[in-house]
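Subject: Structure handover

Hello,

Here is the structure I promised you. Please open it beside this email and follow along.

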Amino acid sequence: MSLMARCADYYAEKVDNSMQKTIGIENVAETTLHVQNLTKSFGATRALKGVDLTILPGEIHGLLGQNGCGKSTLIKVLAGYHEPDKGD
């Protein structure tokens, strides 16, 4: 098992044990971050379209993609630098 897989298992178990129940997307109140149908445009250029993202406590995520695919825009919207056009 890789180091990343062992770390993921360790933190998943730690989170489950501390909450005394299995964490699922149904329990949105227990998420660290939940974004649904996020959209952001700059003029005629649509930078983000229908982004859904749920991050649970203890999870670690990476954001990968080609140049111009909206990585920086997503982070700036999440940080409050840009206001989303729509989304929850």
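Below is what was found in it, from the whole chain down to single residues.

**The overall picture**

Keep in mind that this is a predicted model. The protein chain has 2 helices and 2 strands. Along the sequence, they come in the order α-β-β-α. The chain has 88 residues, and 20% of them count as buried. Its accessible surface is about 6,700 Å². Carbon and sulfur atoms make up 53% of that surface.

How much of the contact total comes from residues 24 or more positions apart? Among contacts with a separation of 6 or more, the share is 47%.

**The two strands**

Start with S1 and S2. They pair in the antiparallel sense, over 7 bridges. To see one pairing, find His34: its bridge partner in S2 is Thr54. The two strands form a hairpin, with 2 residues between them. Look at Gly43 in that turn: its phi is positive, about 65°.

Now find Asn37, which is in strand S1. Asn37 also has a positive phi, about 55°, although it is not a glycine. Is Asn37 buried, partly exposed or exposed? Its relative accessible area is 37%, so Asn37 counts as partly exposed.

Leu38 lies in S1 too. Its relative accessibility is 4%, so Leu38 is buried. Leave aside its neighbours within four places in sequence. Leu38 then touches Leu48, Lys49, Gly50, Val51, Leu74, Val77, Pro84, Lys86 and Gly87. Compare sequence and space for Leu38 and Asp85. They are 47 residues apart in sequence, and their C-alpha atoms are 7.6 Å apart.

**Helix H2**

Next, turn to H2. Which residues of H2 are buried? They are Thr73, Leu74 and Val77. Seen down the helix axis, these buried residues fall within an arc of 100°, so they line one face of H2. What does that face pack against? The buried residues of H2 pack against S1 and strand S2, which spans 45–55.

Look at the other side of the helix as well. The face turned away from the buried side carries the exposed residues Ser72 and Ala79.

Take Thr73 as one example from this helix. Its relative accessibility is 13%, and the cut-off for buried is under 20%. Therefore Thr73 counts as buried. Setting aside neighbours within four places in sequence, Thr73 is in contact with Lys40, Phe42, Ala47 and Leu48.

Ile75 lies in H2 as well. At 48% relative accessibility, Ile75 counts as partly exposed. Ile75 belongs to a nonpolar patch on the surface, together with Leu63 and Leu78. The three residues have about 250 Å² of accessible area together.

H2 is followed by Gly80. The phi of Gly80 is positive, near 90°.

**The salt bridge**

How many salt bridges are there? The count comes to 1. It joins Asp85 and Lys40. Their closest N and O atoms are 4.0 Å apart. The pair links distant parts of the chain. Asp85 is in the segment after H2, which covers 71–79. Lys40 is in strand S1, residues 33–42. The two partners are 45 residues apart.

Are the two partners buried or exposed? Check each one. Asp85 has a relative accessibility of 44%, so Asp85 counts as partly exposed. Lys40 has 11%, so Lys40 counts as buried.

What surrounds Lys40? Leave out residues up to four places away in sequence. Lys40 then touches Arg46, Ala47, Leu48, Thr73, Val77, His82, Glu83, Pro84 and Asp85.

**Where to look first**

Begin at the hairpin of S1 and S2. Move on to the buried residues of H2, which pack against both strands. Then go to Lys40 in S1. Finish at Asp85, its salt-bridge partner.

Best wishes

Conventions:
Residues are numbered from 1 along each chain as its sequence is written. This is a predicted model: local features need pLDDT of at least 70, side-chain atom pairs count only at pLDDT 80 or more; totals for chains, interfaces and linings use all residues. Side-chain values use heavy atoms; hydrogens and water are left out. A salt bridge is a side-chain nitrogen of Lys or Arg within 4 Å of a carboxyl oxygen of Asp or Glu. Helices (H or I, at least four residues) and strands (E, at least two) are DSSP runs, numbered from the N terminus. Buried means under 20% relative accessible area, exposed over 50%, partly exposed in between (1.4 Å probe, protein chains only). The arc is that of the directions from the helix axis to the C-beta atoms. Contact means heavy atoms within 4.5 Å. Accessible areas come from the Shrake-Rupley method with a 1.4 Å probe; for residues, only the protein chains shown count as cover. Patches are made of residues with over 30% relative accessible area and no salt bridge: like charges are joined within 9 Å, nonpolar side chains (Val, Leu, Ile, Met, Phe, Trp, Tyr) within 5 Å. Two strands pair if DSSP finds at least two bridges between them.
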